[in-house]
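Colleague: Could you take a close look at a single part of this chain and walk me through what you find there, explaining each term as you go?

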Amino acid sequence: MIRLILYGILFYVGYRILKPWVASLLQSNKEDVHGQSSSQEAELIRDPQCGTYFLTQRGVEARIGGRTVYFCSRECRDKYLVSHRET
Ligand SMILES: [Zn+2]
């Protein structure tokens, strides 16, 4: 009976050790997907005002007509907003 419990513990410990190892193997297979998603986050987008390409994270965010538009600088954002108000 004690032996059965010991086997049970061994199985449990083995399972606990193997589980993260298997999970890491599965994650390494999904690395391509992760790489794509991270590259999308650091995607270059075009400033609609001056046409400069820049990283989304470094851009200035503005909500125009319920849509999020990114600009390379606050100056460009303000110019864009002004020109859109006029039209
Ligand atoms: Zn700009």
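Modeller: Two strands are said to pair if DSSP finds at least two bridges between them, and helices (H or I, at least four residues) and strands (E, at least two) are DSSP runs, numbered from the N terminus. This is a predicted model, in which local features need pLDDT of at least 70 and side-chain atom pairs count only at pLDDT 80 or more, while totals for chains, interfaces and linings use all residues. Residues are numbered from 1 along each chain as its sequence is written.

The chain has three helices and four strands, which follow one another along the sequence in the pattern α-α-β-β-β-β-α. The part I would choose is strand 3, residues 60-64, which pairs with strand 4, residues 67-71, in the antiparallel sense over five bridges. Within this pairing, alanine 62 stands opposite valine 69 of strand 4, and arginine 63 stands opposite threonine 68 of strand 4. Two residues lie between the strands in this hairpin, where glycine 65 takes a positive phi near 60°.

As for burial, a residue counts as buried if 20 or more other C-beta atoms, placed from the backbone, lie within 10 Å of its own, as exposed if 12 or fewer do, and as partly exposed in between. Of the five residues of strand 3, the number buried is zero, so this strand lies largely in the open. For the chain, with its 87 residues, the buried share is 5%.
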